[in-house]
Amino acid sequence: MENMENKVVIASRNEGKIKEIKDVLSKYGMEAVSRDEFGIPKFEVEETGETLEENSIIKAKAIFELIDEAVIADDSGLEVDALKGRPGVYSARYAGEHCSMQDNRDKMLRELKGVPSDKRGARFVSVITLILSDGERLIARGECKGRIASEERGDAGFGYDPIFIPDGFDKSFAEMSQEQKNSISHRGMALKRLEELIGERSK
Ligand code: IMP
């Protein structure tokens, strides 16, 4: 990570994501600060894109244009096989415009009621955009395959964590330590890819 600014502002206001991004970036010697810590006034960035890539760039750009400092943004979603890839880019608003995460999880379990475990495949996808202070953009994607549990399990993490069981494990993301989740999660994978892109850039 030489040649890299070591401070970066996180475009998200989601506490779960902020914690994960900070944790992983700190391993690479980068200090990530949330937009609240940086003192950016509260405003909503409208996620008008139709793909995770588009929304990830929209979020990073909105903050970058405001502060002219390095910015990192993540857009993520859960793609469920039995729902033909839904809710995907609409994961945050799956149960309605102003719904809670509990509403989203309840709706998911309702929609998959009676679906056998071998047909409950799903994957989390994360697209991370890093805009460097000179305006250069690096975009990295990460995935984590797994399945949707038949009921909520665990109370760590956030969002869909209690109902997502990653491949190779018999526990949900919400039953894992932060470290274990980061080592296999979509965001962890996207951040690893981002590190490679940063490495290639400074060669
Ligand atoms: P957005 O990227 O902020 O639009 O959020 C996408 C949706 O996916 C939100 O409802 C998040 O809670 C959910 N989500 C994203 N990443 C994770 C995760 O690591 N665990 C659980 N839910 C997640």
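1. A molecule counts as sitting in a pocket if more than half of its atoms lie within 2 Å of the pocket's grid points. In this predicted model, the ligand meets that test for the largest pocket.

2. How big is the largest pocket, by volume? Its volume is about 1000 Å³. The lining counts 37 residues. Asn-14, Lys-17, Glu-47, Lys-59 and Ala-92 are the ones nearest the centre of the pocket.

3. Which elements give two or more residues to this lining? They are helix H3 (52–67), S3, helix H4 (101–111) and H6. S3 gives the largest share, with five residues.

4. The lining of the largest pocket is mixed in class. It has 14 charged residues, 13 nonpolar and 10 polar.

5. Now the ligand's own shell. There are 16 residues around the ligand. Lys-17, Ser-76, Asp-161, Lys-181 and Arg-187 come nearest. Lys-17 thus appears twice in this note: it is among the residues nearest the ligand, and it is among those nearest the pocket centre.

6. By class, the shell around the ligand holds seven charged, five nonpolar and four polar residues. Strand S3 (71–80) and helix H6 (186–201) each supply at least two residues of this shell. Both elements also give two or more residues to the lining of the largest pocket.

7. Three side chains deserve a look for polar contacts with ligand oxygen atoms. For Arg-187, a polar side-chain atom lies 2.7 Å from an oxygen atom of the ligand. For Asp-75, an N or O atom of the side chain is 3.1 Å from a ligand oxygen. For Glu-47, the distance from a polar side-chain atom to a ligand oxygen is 3.3 Å. How much of the ligand's accessible area does the protein cover? On its own the ligand has 490 Å², and the protein covers 94% of that.

8. Glu-47 belongs to both pictures. One of its polar side-chain atoms lies 3.3 Å from a ligand oxygen, and the residue is among those nearest the centre of the largest pocket.

9. Two backbone details should be checked by eye. Arg-86 and Pro-87 are joined by a cis peptide bond, with omega about -5°. Pro-87 is in strand S4 (residues 87–88).

10. The other backbone detail is Asp-68. Its phi is near 60°, a positive value in a residue other than glycine. Where is Asp-68 found? It is in the loop between H3 and S3.

Technical notes: Residues are numbered from 1 along each chain as its sequence is written. This is a predicted model: local features need pLDDT of at least 70, side-chain atom pairs count only at pLDDT 80 or more; totals for chains, interfaces and linings use all residues. Side-chain values use heavy atoms; hydrogens and water are left out. A residue is near a molecule or strand if one of its heavy atoms lies within 4 Å of it. A polar contact is a pair of N or O atoms within 3.5 Å; within protein, one must be able to donate a hydrogen and the other to accept it, and residues adjacent in sequence count only if both atoms are side-chain atoms. Accessible areas come from the Shrake-Rupley method with a 1.4 Å probe; for residues, only the protein chains shown count as cover. On a 1 Å grid over the protein atoms alone, a cavity is a set of points where a 1.4 Å probe fits but cannot get out, and a pocket is an open set with protein on both sides within 12 Å along at least five of seven lines; lining residues have an atom within 4 Å of a point. Helices (H or I, at least four residues) and strands (E, at least two) are DSSP runs, numbered from the N terminus. Ala, Val, Leu, Ile, Met, Phe, Trp, Tyr, Cys and Pro count as nonpolar, Asp, Glu, Lys and Arg as charged, and the others, Gly among them, as polar. Grid points are joined across faces, edges and corners, and a volume is the space filled by probe spheres set on the points.
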